[in-house]
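Let's take a walk through this structure together, starting from a single side chain and working outwards to the whole fold. Keep the viewer open as you read.

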Amino acid sequence: MTAPFVPQIRLYQDWLRTQRGLVFDDYDALWRWSVTDLDAFWQSVWDYFEIASPTPHHAVLATNRMPGAQWFPGAQVNYLRQVLRHVEPAHAAGMPAIVACNERGQRRELGWPELRRQVAALALHLRAQGVQPGDRVAAYLPNIPEAMVAFLATVGIGAVWSICAPDMGTHAVLDRFRQIEPTVLIGVDGVTYGGRDMDRCAVLQELRTQLPSVRHVLLVNDLDATKTIADSALFTDVMARNDAEVAAFEPLWLPFDHPLWIVYSSGTTGLPKPIVHGHGGMILVSLQLKGLHNDVGCSYHPNSWGECYHWYSSTGWVMWNAQTAGLLGGTTCVIYDGNPGGSKERPDWGTLWRFAAETGVTYFGAGAAFYANCMKAGLALAECGNLTRIRALGTTGSPLAPEVQQWGTEQFRAIRAMAGGEPQPDIWWNNISGGTDFCGAFIGGHRELPLVPGEMQCRMLGAAVQAWDEQGQPVVDAVGELVCTQPIPSMPLYLWGDADGSRYLSSYFDMYPPGHGRQPGGGDGPPAMGAVWRHGDWLRIGAHGGCTIYGRSDATINRHGLRMGTSEIYSAVEALPEVLDSLVVDLEYLGRESYMPLFVVLREGCTLDDALRARIHAAIRTALSPRFVPDAIFAVAEVPRTLSGKKQELPIKKLLLGQPIEKVVNRDAMANPGCLDWYVAFAAQRAQAA
């Protein structure tokens, strides 16, 4: 049984007491200090995790403005430098950097010195191809060690990283990479998923053809070692380099806000938003999130000796970035590439658990839907190998239903009872909620606070999160809009290509008036401070501090943790000649099955039969991902639209979640109010069937 380590957040509070003379009566007092005295809190994070800079910063938060906050001006950092500081002590302790496995049963282990050598070899190769600081390197790779190596090499020389998963269709990838004009493309020859080998060379060739900015292609042979692509270099050849220049490689010192990576979050219209985060902000927030709230420790530290951190994710989900961030804290990252549920022909929800048992995972994370599927499959975790080293279960992506959490708790009670020895406390569930948008968490866990199934334990340190009512006033024990009233260092620097900042502003800051609620500690500030961040989630904050997310308050599709703009689904569906118009809503809500219906208006003479349903499914699967195939498709006469022609997604979503039609839509503002009767009747039928 894994030793009951002292919670990381307790170690931090002990440090605050001895080094700063700060003592807090309870977590609420600590949290209020962290969101009121922003300079003191974020400086403490910098000092506690010993972030180094060759030049001093002359302020912590020089400008408290949203958007446009200026953090740690004068400081220089590099994400890779923070990782490489662990090479010697981790290696001396015998801890690997990365442990990886795939569906084919191929297991690999990458030591810290070998990680450093491979990163240096690739960084020098990229530099030899003319890659300069600020250039974009795009990757089309699965969750394999090569993806982590390529990321670290890219950012080590100041280039900007961006990755898409190989299960994404060509058009979806191009919609992302075209916006950022990469100079280098790193792609995989193929993947194995759900028991099937899928060649990706043709997709890689198409990406290369459609991205004229690409000057160099690097091929990773993960499926077939004999595959090649014309005029490309092989990743294995680059990795073979091991000379004095590789040994002497040093990452560049970069300004605190130098771009690190570009991730994508979709709104309801237009192309996916290319979100740019900075080196310094991501170092700070990743260490604070992993090293305090998530309770992920350094693998060679006596208090967390042997920590093995696993969070199942594809590279298309921001949790891949979060998993990789384990390296910042000297933690062994344990990764799996493949389908966690087995194949379609042979479902097997024990796959990841057996993998965790075989690799000695201590921290096990996955999307909430994964745990629900394990429960529905009747999985007995005690039959999946020795899972006694697991001390924490992480979950995010969508709300975790109370009955699913209770199922997992009972499973681990049985595992620990079988192991014998002293009675153990219940497994700790670290339920977190954040987003791709700032690559962090607003709400999450605390190992010393009460754990209530269906709730997250607390608002994160440094995250000034509130639930606001329709008048923009904070509420407690009531559902409201999730807002963050103060900046966080990992909030986007900007959206790529958004020259005047208007798209960034409209995405997060245009719902409430500038200055409203912006004063640290409460109250309004001057309009020059800008507006609060409005995230797009329904949130309830309990009087005891526990938090519950009730799904999206806007119309973005959040399908099992992966977000996709409805416009991308429409683009795929409405390309079919039979489909004239379409509407999709995501009825994600706490305690309910994930349910995503698609409504289609068909060309005259066409019928929604099984063949057309199959074609619609195939179109979405090919252009986007199988995750966005709808649960049901319905033929309708019209899609409700505003007078300006916008689809009425949010009103229909609210209607189908049980709100009365007169509360969710203004018929006078509609171009075709008569079509609502069908949707009202449909909602009533669903309510009766529930």
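Start with K647, which has a relative accessibility of 18% and therefore counts as buried, the cut-off being under 20%. Keep in mind as you look that this is a predicted model. K647 sits in a loop, with β33 (632-635) on one side and α20 (649-656) on the other.

What does the side chain of K647 meet there? It makes a polar contact of 2.8 Å with the side chain of E574. If you set aside the neighbours within four places in sequence, the contacts of K647 are Y570, E574, D581, S582, L583, V639, P640 and R641. You can also look along the chain to M670: this residue is 23 positions from K647 in sequence, and the two C-alpha atoms are 9.7 Å apart.

Now move to a second loop residue, Q486, found between β25 (479-484) and β26 (494-495). Is Q486 buried or exposed? Its relative accessible area is 1%, so Q486 is buried. Two polar partners are worth displaying. The side chain of N64 joins that of Q486 through a polar contact of 3.0 Å, and a polar atom of the Q486 side chain also lies 2.7 Å from the backbone oxygen of R518. Beyond its neighbours within four places in sequence, Q486 touches V35, L38, N64, M66, A464, M491, G517, R518, Q519 and P520.

For a helix, turn to α14, which covers residues 351-359. Its buried residues are T351, L352, W353, F355, A356 and T359. An α-helix has 3.6 residues a turn, so residues three or four places apart point the same way. Just after α14 comes G360, with a positive phi near 70°.

Finally, zoom out to the whole chain, which has 22 helices and 33 strands. Why does its radius of gyration agree with that of a compact globule? For 690 residues such a globule would be near 26 Å, and the protein chain has 25 Å, so the two agree. The C-alpha trace spans about 70 × 65 × 60 Å along its principal axes. Buried residues account for 61% of the 690. Of the contacts between residues at least 6 apart in sequence, 70% join residues at least 24 apart.

The surface and charges complete the tour. About 26000 Å² is exposed, with carbon and sulfur atoms supplying 51% of it. The chain carries 55 positive and 69 negative side chains, and the centres of these two sets are 1 Å apart.

How values were computed
Residues are numbered from 1 along each chain as its sequence is written. This is a predicted model: local features need pLDDT of at least 70, side-chain atom pairs count only at pLDDT 80 or more; totals for chains, interfaces and linings use all residues. Side-chain values use heavy atoms; hydrogens and water are left out. Helices (H or I, at least four residues) and strands (E, at least two) are DSSP runs, numbered from the N terminus. The radius of gyration is taken over C-alpha atoms; the globule rule is 2.2 Å times the number of residues to the power 0.38. Buried means under 20% relative accessible area, exposed over 50%, partly exposed in between (1.4 Å probe, protein chains only). Contact means heavy atoms within 4.5 Å. Accessible areas come from the Shrake-Rupley method with a 1.4 Å probe; for residues, only the protein chains shown count as cover. Lys and Arg count as positive and Asp and Glu as negative; His and the chain ends are not counted. The place of a charge is taken as NZ of Lys, CZ of Arg, CG of Asp or CD of Glu. A polar contact is a pair of N or O atoms within 3.5 Å; within protein, one must be able to donate a hydrogen and the other to accept it, and residues adjacent in sequence count only if both atoms are side-chain atoms.
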